Amino acid sequence: MKLGEGVEAAIHCAATLASVEGNSTMPGAALAECFGLSPSYLLKHLNMLTAERILESVPGPAGGYRLARPAGRITLLDIVLAVEGREPAFRCGEIRRNGPVKIDASAYVKPCGINAAMLKAERAYRTALAEVKLSDVVVDYAAEGDPRSYAASCAFVARHQRPQKSSSTPPKQL
């Protein structure tokens, strides 16, 4: 299975936004700069995360993006499904019925074994991603990542986050 590059960008951006203080936001351009991505490319993925209520988009000159809920309530599966969609990666087209010898449909009452195996793998993959919270990723990075990389990330967030004057949204929690 191959996921699109947007999944990596989306997870990294969400993890970065988990580090902004309180109700602050970060502009999409800063997130694109942080990861060396095209702003228009990243905006498409940020909008997908916003549509799925993983991120919140705050308009205006001091606006930007922030998590829509605590990082402990966002799983990697939430992010993957927001970017890749909810359809299974494998879609059986029942090509076993397409050969030159046409057999009655009653010969195909049992589900295709290949489809069953692929869907089983999909369930396992989704279960594994559903078990990993965004907060886990952030905490693990802080504890196990190279201190130079962690310090640089924190400095970048501190430099680019935009405090919000007033908001009904309570401060974020991991």
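A pocket, as the word is used here, is an open set of grid points with protein on both sides within 12 Å along at least five of seven lines. The structure in which such spaces are sought is a predicted model. Rolling a probe the size of a water molecule over the atoms shows where empty space is left. In this model, the largest pocket has a volume of about 350 Å³.

The lining of this largest pocket comprises 15 residues, and those nearest its centre are Ala15, Thr16, Ser19, Tyr141 and Ser153. Four helices each contribute at least two residues to the lining of the largest pocket: helix 1 (5–17), helix 2 (28–35), helix 6 (134–144) and helix 7 (147–160). The lining of the largest pocket contains 11 nonpolar and four polar residues, with no charged residues.

Helix 1 merits attention in its own right. Its 13 residues reach 19 Å from first C-alpha to last, close to the 18 Å expected at 1.5 Å a residue. Of these 13 residues, 10 are buried, and helix 1 is therefore largely enclosed by the rest of the structure. The buried residues of helix 1 are Gly6, Val7, Ala9, Ala10, Ile11, Cys13, Ala14, Ala15, Thr16 and Leu17. Two of these, Ala15 and Thr16, are also among the residues nearest the centre of the largest pocket.

Tyr141, another residue nearest the centre of the largest pocket, leads to the aromatic contacts. A search of the whole structure finds one aromatic pair. It is formed by Tyr141 and Tyr150, whose ring centres are 5.6 Å apart and whose planes meet at 70 degrees, an edge-to-face arrangement. The pair is classed as edge-to-face because its 70 degrees exceed the cut-off, which is over 60 degrees. Tyr141 is partly exposed, with a relative accessible area of 31%, and Tyr150 is likewise partly exposed, at 32%. Both receive this class because their values fall between the limits of 20% for buried and 50% for exposed.

The second largest pocket has a volume of about 150 Å³. It is also lined by 15 residues, of which Leu3, Glu84, Glu87, Ala89 and Glu122 lie nearest its centre. Helix 4 (76–84) and helix 5 (113–130) each provide at least two residues of this lining, and the largest share, four residues, comes from helix 4. By class, the lining of the second largest pocket has eight nonpolar, one polar and six charged residues. Charged residues are thus present in the lining of the second largest pocket, whereas the lining of the largest pocket has none.

Helix 5 connects this pocket to the question of how a helix is oriented. The 18 residues of helix 5 should span 26 Å at 1.5 Å a residue, and its end C-alpha atoms are 26 Å apart, in agreement. Which residues of helix 5 are buried? They are Asn115, Glu122, Arg126 and Leu129. These residues cover an arc of only 60 degrees around the axis, which means that they lie on the same side of helix 5. An α-helix has 3.6 residues a turn, so residues three or four places apart point the same way. The face of helix 5 turned away from the buried side carries the exposed residues Gly113, Lys120 and Arg123. Glu122, on the buried side, is also one of the residues nearest the centre of the second largest pocket.

Beyond helix 5, Lys133 occupies the loop between helix 5 and helix 6. Lys133 is partly exposed, with 36% relative accessibility. Its C-alpha atom is separated by 6.8 Å from that of Arg73, although the two residues are 60 residues apart along the chain. In helix 7, Arg159 counts as exposed at 57% relative accessibility. The C-alpha atoms of Arg159 and Leu67, 92 residues apart along the chain, are separated by 18 Å.

Two loop residues remain to be considered for their backbone angles. Most residues other than glycine have a negative phi. Arg53, in the loop between helix 3 (39–51) and strand 1 (55–58), has a positive phi of about 60 degrees although it is not a glycine. Arg53 is exposed, with a relative accessible area of 64%. Glu94, in the loop between helix 4 and helix 5, also has a positive phi, near 50 degrees. Glu94 is partly exposed, with a relative accessible area of 24%.

How values were computed. Residues are numbered from 1 along each chain as its sequence is written. This is a predicted model: local features need pLDDT of at least 70, side-chain atom pairs count only at pLDDT 80 or more; totals for chains, interfaces and linings use all residues. Side-chain values use heavy atoms; hydrogens and water are left out. On a 1 Å grid over the protein atoms alone, a cavity is a set of points where a 1.4 Å probe fits but cannot get out, and a pocket is an open set with protein on both sides within 12 Å along at least five of seven lines; lining residues have an atom within 4 Å of a point. Grid points are joined across faces, edges and corners, and a volume is the space filled by probe spheres set on the points. Ala, Val, Leu, Ile, Met, Phe, Trp, Tyr, Cys and Pro count as nonpolar, Asp, Glu, Lys and Arg as charged, and the others, Gly among them, as polar. Rings of Phe, Tyr and Trp (its six-membered ring) pair if their centres lie within 6.5 Å; planes under 30 degrees apart count as stacked, over 60 as edge-to-face and the rest as tilted. Buried means under 20% relative accessible area, exposed over 50%, partly exposed in between (1.4 Å probe, protein chains only). The expected span of a helix is 1.5 Å times one less than its number of residues. The arc is that of the directions from the helix axis to the C-beta atoms.
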